[in-house]
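User: I would like a close look at one part of this model, with the cut-offs behind each term.
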Amino acid sequence: MWISIPFCFLYLVALVGNVLLLVIVRTEQNLHEPQFYLLAMLALTDLGLSLSTMPSVLAIFWFDVHRIDLDACLTQMFFIHTLSSVESGVLVAMAFDRLVAICAPLNYTRILTHYTVACLSGATLIRGATLLAPLPFFLRTFSFCGANILSHSYCYYPDMLKLACGDVTFSSVYGLVCVLCTFAVDVIFILVSYMKILGTVMKLGIQDRNWKSLQTCACHLCTVLVFYLPLISLAVLHRYTQETSPILYTTMSNAYLLMTPLLNPVVYSLKSRQIQAALRKRFWAQRVVAGE
């Protein structure tokens, strides 16, 4: 029971932080810009990830529930993988936003319109749902024999595939193709975007204004590292290691789906001046009302 206290606290912080970001972007007129609309999309995705995993994680700690129905498990798995793909796509859209803002600032308002942001957000959702919709159906065709003990406190496709009886070659290859078509492509685009950004800043010379432009990418870079490092580590563990400590699996899996929703609001609250200003404005407004 004692370990449920920090888990519950971290989940609450993640939920409150992302809800607060959504409220601030919605209510503050000066944040109605493409950059912050994408941030709101990121917060909404993080909320979905937290709500997808929180019930099963806390059920283990609070109610000692160590069993899950197959259909519920497949549903949870679909939402976890789809929302992870959506988050990766949103990070690509945010990299594109920074690329246009630094490399083509005069065309920023023409290229990054509200319609463009809506199309980018919709495309990430459609891509994730379309590519990952077959995964539950693949697993539904298998029988599950043996101990049927998952390595994580939630349902994860490679983990479930290990428990399936029968030839899982096609399902495993399809899962790898999904990873390559989503996360691998996204990482390449983000790397190319930042190479172009860095090249543009260097070409313009070392000036305070140029370095300040580059510093606006700090929040996005931190978010990219927080999301991709646990994701890549967990994928490598499942694909290339056979005898791994359960503690390592548990640590990496929880870091993958808990730390990202938790740290994203913290990163933007500490690094983004506009978000800081909006938080201070809301905080002081509440203090004034309370004082009255």
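What relative accessible area does V65 have, and is V65 buried, partly exposed or exposed?

Analyst: This is a predicted model, in which local features need pLDDT of at least 70 and side-chain atom pairs count only at pLDDT 80 or more, while totals for chains, interfaces and linings use all residues. Residues are numbered from 1 along each chain as its sequence is written, and side-chain values use heavy atoms, without hydrogens and water.

V65 is partly exposed, because its relative accessible area is 38%, which falls between the limits for buried (under 20%) and exposed (over 50%), taken with a 1.4 Å probe and protein chains only. The residue sits in the loop between helix 2 and helix 3, helices being DSSP runs of H or I with at least four residues and strands E runs of at least two, numbered from the N terminus. Together with W62 and F63, V65 makes a nonpolar surface patch of about 320 Å²; such a patch joins nonpolar side chains within 5 Å, from residues with over 30% relative accessible area and no salt bridge, that is, no Lys or Arg side-chain nitrogen within 4 Å of an Asp or Glu carboxyl oxygen. The areas come from the Shrake-Rupley method with a 1.4 Å probe.

As for the setting of this loop, the protein chain has 12 helices and 2 strands, and its elements run α-α-α-α-α-α-β-α-β-α-α-α-α-α from the N terminus on, so that, by the DSSP numbering, helix 2 and helix 3 belong to the opening run of helices. Of the 292 residues of the protein chain, 45% count as buried, whereas V65 is partly exposed.

Technical notes. Patch = residues over 30% accessible without salt bridge, like charges linked within 9 Å, V, L, I, M, F, W, Y side chains within 5 Å.
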